[in-house]
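Please show the structure, and then let us go through some questions about it.

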Amino acid sequence: MSDVSYGKLIREGLWSNNQALVALLGLCPLLAVTNTAINGLGLGIATTLVLVMSNATVSLIRNLVRPEVRLPVFVIVIASFVTAVELSMNAWFYELYKVLGIFIPLIVTNCAIIGRAEAFASKHRLTPSLVDGLAMGLGFTCALVTLGGMRELIGMGTLFAQADLMFGDLASGWTLSLGEKFNGMLLAILPPGAFIGMGLMIALKNIIDGRLSKRAEPARTPAAEGSMETGTA
Amino acid sequence: MIKHPVSVAGILLALFATAGTALVAVTNDLTAERIAENERQALLSNLSALVPIEEIDNDIVSDTLIVRQPDLLGGEETLVYLGRKQGKPVAAVFTSVVPNGYSGPIKLLVAVHNDGTLGGVRVISHKETPGLGDKIEENRSDWIHSFDGKSLSNPKFSRWKVKKDGGDFDQFTGATITPRAIVAAVKNTLIYFDKHRETLFPNTRKAEQK
């Protein structure tokens with residue numbers, strides 16, 4: 001149980017091991033719900049919540065669970081939390097629940113969650129596991145919101161439309177619009193738009209990483225990272 | 001100490017399954033009432049947009065009837081919400097289905113006043129193309145309001161089509177199939193209502209005939 005630096009955990013979750021952009025996990029909900037920024041945010045928060053709860057639980061029971069039944073136990077833990085979150089959203093965020101619909105139960109199939117349970121929480125103490133879950137969840141949420149915002153802006157010419165679904169009537173004026181005349185590019189809203197947007201985001205991240213590593217350590221040999229395929233060729 | 005690791009593992013798994021089920025059961029218990037209330041409120045707000053609440057005095061959400069007429073109403077069984085005031089029929093709201101949408105069935109709420117005029121139409125769920133066919137949604141365009149107040153004689157029966165087919169209803173640029181299908185489904189619902197007006201309100205039949 002080596003000591004872990006929280007700064008490093010947060011950096012990994014948000015950027016260098018971002019579950020959506022680097023690990024490429026949880027693509028099903030990622031690609032499907034991100035046609036607006038708010039949908040992305042809603043699913044991102046739900047995923048983060050599940051991730052934090054499952055990481056915490058898995059970390060607490062890590063010495064109790066025998067290796068043979070480790071994975072079934074993780075699946076039970078995750079599925080129970082997802083169902084609880086789904087029921088709660090249905091009760092308290094009904095409008096948003098109607099929009100996200102099927103994708104909330106699908107959080108169960110988000111490999112990022114069982115991935116973190118297996119790779120991190122089952123080997124670390126409670127606090128680092130909580131931080132890891134939170135950082136990974138926030139990283140995933142950022143990717144969802146960015147992709148959703150991008151597709152919404154290009155496809156419909158608005159940003160943060162329907163924010164009132166999540167934040168109440170207070171937020172009904174938050175919607176930014178490019179104006180009535182902007183008809184939008186339909187492709188961005190349709191499923192191919194999700195793949196193209198995702199590819200562009202990964203490409204952008206790799207370009208930034210490449211620049212950063214060049215600037216930071218010109219003396220060292222170029223790192224192996226940043227060789228990820230964009231997948232949209 | 002552990003002689004049978006498999007049984008220990010099995011017991012552990014069973015314990016976790018029990019705990020997980022308990023968590024779900026408790027959450028379900030805590031939220032069930034609220035969820036049912038949410039669904040009821042959502043339905044009620046949909047219905048009251050079509051049949052204003054002050055025009056009726058019954059509980060329209062639970063005063064329902066199931067009718068079977070797939071050729072006119074789309075679904076095998078169609079739920080009809082009945083609005084009454086002092087026992088007299090005011091309006092019927094049909095949960096009609098448009099069978100021939102561009103990409104799958106479209107679910108509608110069609111409110112028909114007792115005199116045969118439309119209280120309004122709303123799309124409950126659909127899978128039409130975003131940006132084209134989805135202008136049937138109320139929050140995307142006003143098109144769905146073009147049915148308000150219409151009846152089988154207004155416009156004339158033969159004009160119950162989209163403009164492209166020589167009728168009175170607008171189609172959308174790039175999407176004719178969706179509006180055409182909805183216009184036909186609303187028309188069919190009106191035809192059904194016209195034929196079965198007498199039998200739709202079972203409890204008030206006698207009162208109405210007097």
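The questions and answers below concern a predicted model.

Visitor: How many residues does each chain bring to the contact?

Guide: In this predicted model, residues count as in contact if their C-beta atoms, placed from the backbone, lie within 7 Å. The contact takes residues from both chains: 21 from chain A and 19 from chain B.

Visitor: Which element of chain A gives the most to the side that touches chain B?

Guide: Two elements of chain A give two or more residues to that side, helix 4 (70-92) and helix 9 (186-189). Twelve residues there come from the one that gives the most, which is helix 4 of chain A.

Visitor: How do the residues on that side of chain A divide into nonpolar, polar and charged?

Guide: Each residue of the side of chain A that touches chain B falls into one of these three groups. The division is 14 nonpolar, five polar and two charged.

Visitor: Why is strand 3 of chain B largely enclosed by the rest of the structure?

Guide: Strand 3 of chain B covers residues 88-94. A residue is buried if 20 or more other C-beta atoms lie within 10 Å of its own. Strand 3 of chain B is largely enclosed because the number of its seven residues that are buried is six.

Visitor: What is the bridge partner of Val93(B) in strand 5 of chain B?

Guide: Strand 3 of chain B runs antiparallel to strand 2 (residues 78-85) of chain B, with six bridges joining them, and there Val93(B) is the partner of Tyr81(B). Four bridges join strand 3 to strand 5 (residues 106-113) of chain B, also antiparallel. In strand 5, Val93(B) has as its bridge partner Ala111(B).

Definitions and conventions:
Residues are numbered from 1 along each chain as its sequence is written. Chains are lettered from A and ligands numbered from 1 in the order in which they are written. This is a predicted model: local features need pLDDT of at least 70, side-chain atom pairs count only at pLDDT 80 or more; totals for chains, interfaces and linings use all residues. Two residues are in contact if their C-beta atoms, placed from the backbone, lie within 7 Å. Ala, Val, Leu, Ile, Met, Phe, Trp, Tyr, Cys and Pro count as nonpolar, Asp, Glu, Lys and Arg as charged, and the others, Gly among them, as polar. A residue is buried if 20 or more other C-beta atoms lie within 10 Å of its own, exposed if 12 or fewer, and partly exposed in between; C-beta atoms are placed from the backbone. Two strands pair if DSSP finds at least two bridges between them.
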